[in-house]
Every structure is written in structure tokens, then in C-alpha cells.
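Trainee: I would like to look closely at a single part of this model and then see what surrounds it. Please take the part slowly, and give the cut-offs of the terms as they come up.

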Amino acid sequence: QGATDIVIGTHRLLSKDIEFKDLGLVIIDEEQRFGVRHKEKLKQLRTKVDVLTLTATPIPRTLHMALLGVRDMSVIDTPPENRLPVETYVMEYHDSIVKQAIEKELSRGGQVYFVHNRVQSIEKLYERLKKIFPRVRFGVMHGQMNVEMLESVMKDFLKEKIDCLISTNIIESGIDIPNVNTLIVDRADCFGLADLYQLRGRVGRFKERRQAFAYFLVPHNWVMTLDAQKRLHAIEKFTQLGSGFKIAMEDLEIRGAGNLLGHE
């Protein structure tokens, strides 16, 4: 068989049984999805290999290394043309807020993402929302569904046969769907700052400068941890396009830099 110059793959490429003849460059996209162990594995390669990492929200340790000068960093903070910042709200969960958000989006012919990051209760939520909004067409999607089912739901959503997609955070780096311009995140206090930023980036991608909305919801009368409060305050504060670097700086302040040399 002919030699391959470039291999495109998932974390699988870091497995022990994968060997390269003469690896010269590793490009990591969506760097925030790689854990510390993966990074340690990459460090073993790094004595001989050049590494380029790409991300909208660098994780605290990577950002800290860049600020210390251990790694070189280049920042692109120019937003794409014809995009509007996403209007962001952090509020307590009420059915009336969800109703208003969904109806507002459907009235202008758009679609909605409803993120509920618990597979165990996602079907119950689906049944509940169907009762509250009988005229809205809902779909459900999560990572434990088989590939054919996932593909079928996504195709229906793309063809606008589904008005509101109830999903776990698997949509975080999903297909670009310009017609989806309202995002509702249930239990937003349970998400990391990079996750919240990546999720918000799923909406507001309409080419004709259509205003997008993101609602980060927490339970009624819920006492949040101090870190969760800081994360939600940051996501509400930094709404400008290209503000991933500022979000990452905030994340570094909240979580700390970790240990540059080990797993901590």
C-alpha cells in the first residue's frame, strides 16, 4: 500500500499501539477536549515533534504555559463578518421563560437548541415539554443513541422537521446550522466555562445578521457554588464575538493553573 502523509483522527491516535514512521507535526483542534493524560502523552512526542494547538477557549494550564512563555501563542480576536454578539441571559428556570424563548424563535421561522445534559432524565423532560407545548415539534439526541438514530434525528432537524432539539452537550462542536438562533441550557451551573462558551457559539451563525439568544437557566431558589456563580457571571459579561481569550483568562482565575509537569 502507498504511504500516508497526513492522518486525521480522534484521541485514538494517542493509543500505545499506534506508531508513526517519522512524525513531524501534530495539530490538535478543539484542544479543550483533551485531558491531562492526553497532554502528557503528547509531551513524550514533543522532544522531536512540533505541536500546534487550536481552540476558542484554551484550558487554564495551556493558557498559563503560554503566559509564562513556555509555549508561543497567537490570538485571533477579529470576529467573523456580519455576525452579531449573542444576547445572553442567566436566569432561574421557569416554564414561562422557556415558553417565551421558544415562541419568539418559532415566530420568525427559526429553530431552538434545548440542552439538558442528563441522559437518564432527558426522555422525561421531552414528555414534559411535549405536554406544555403541544404544537411544537420536539426531537431528542444524546451520545448513548446508536449512530443511525443520531443521524436520523439530525437529518430531521436540518430539514426543519423538528422545531426544538433537546440534546446533551454533544451539540457543542456539531454541525453549523444557521437557522438555529435560540439556545436554552438547563442546569447551566453544572457546566464548565469553556463548555458554556462553546455551546453559545452554536447559535448566532446566521449570515444575515439575525440576533441570536442564549438562556442559561438554573433551578428556582437554588444555592449555587461560588465557582458556578463566577462562571455564569463571566459568560454573561463577555458576550462580544472573539472573547474566548477573555473567557479563558477568567477560567484560569477561577480554577487555577494546575501543575505544569504532572497530572494535577
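Trainee: What should the 13 residues of helix H3 (residues 95-107) span at 1.5 Å a residue, and how far apart are its end C-alpha atoms?

Mentor: Before the helix itself, note that this is a predicted model, in which local features need pLDDT of at least 70 and side-chain atom pairs count only at pLDDT 80 or more, whereas totals for chains, interfaces and linings use all residues. Residues are numbered from 1 along each chain as its sequence is written, and side-chain values use heavy atoms, with hydrogens and water left out.

At 1.5 Å a residue, H3 should span 18 Å, and its end C-alpha atoms are indeed 18 Å apart, which agrees; the expected span is 1.5 Å times one less than the number of residues. Helices here are DSSP runs of H or I with at least four residues, strands are runs of E with at least two, and both are numbered from the N terminus.

The buried residues of H3 are Ile-97, Val-98, Ala-101, Ile-102 and Glu-105, where buried means under 20% relative accessible area, exposed over 50%, and partly exposed in between, with a 1.4 Å probe and protein chains only. Seen down the axis of H3, these buried residues fall within an arc of 125°, so they line one face of the helix; the arc is that of the directions from the helix axis to the C-beta atoms. An α-helix has 3.6 residues a turn, so residues three or four places apart point the same way. On the face of H3 turned away from the buried side are the exposed residues Gln-100 and Ser-107, and just after the helix Gly-109 takes a positive phi of about 80°.

Helix H7 can be read in the same manner. Its twelve residues should span 16 Å at 1.5 Å a residue, in agreement with end C-alpha atoms that are 16 Å apart. Ala-228, Arg-231, Leu-232, Ala-234 and Ile-235 are the buried residues of H7, and because they fall within an arc of 155° seen down its axis, they line one face of that helix.

Ile-235 also belongs to the largest nonpolar core, which has 31 residues and in which Tyr-113, Phe-157 and Leu-165 are among those with the most contacts. A nonpolar core is a set of buried Ala, Val, Leu, Ile, Met, Phe, Trp, Tyr and Cys residues joined through side-chain atoms within 4.5 Å. Among the elements that give two or more residues to this core are strand S4 (111-115), helix H5 (147-158) and helix H7 (226-237), while H6 gives the most, with four residues. Apart from this core lies another, of 21 residues, including Val-112, Tyr-126, Phe-213 and Leu-217.

Phe-157 touches residues including Gln-111, Val-112, Tyr-113 and Leu-165, not counting those up to four places away in sequence; contact means heavy atoms within 4.5 Å.

As for confidence, pLDDT is the predictor's confidence in each residue, from 0 to 100, and the protein averages 84, with 88% of the residues scoring at least 70. Among the elements, S4 has the highest mean pLDDT (97) and helix H8 (residues 244-255) the lowest (69).

For the setting as a whole, the protein has eight helices and eight strands, and buried residues make up 41% of its 264 residues.
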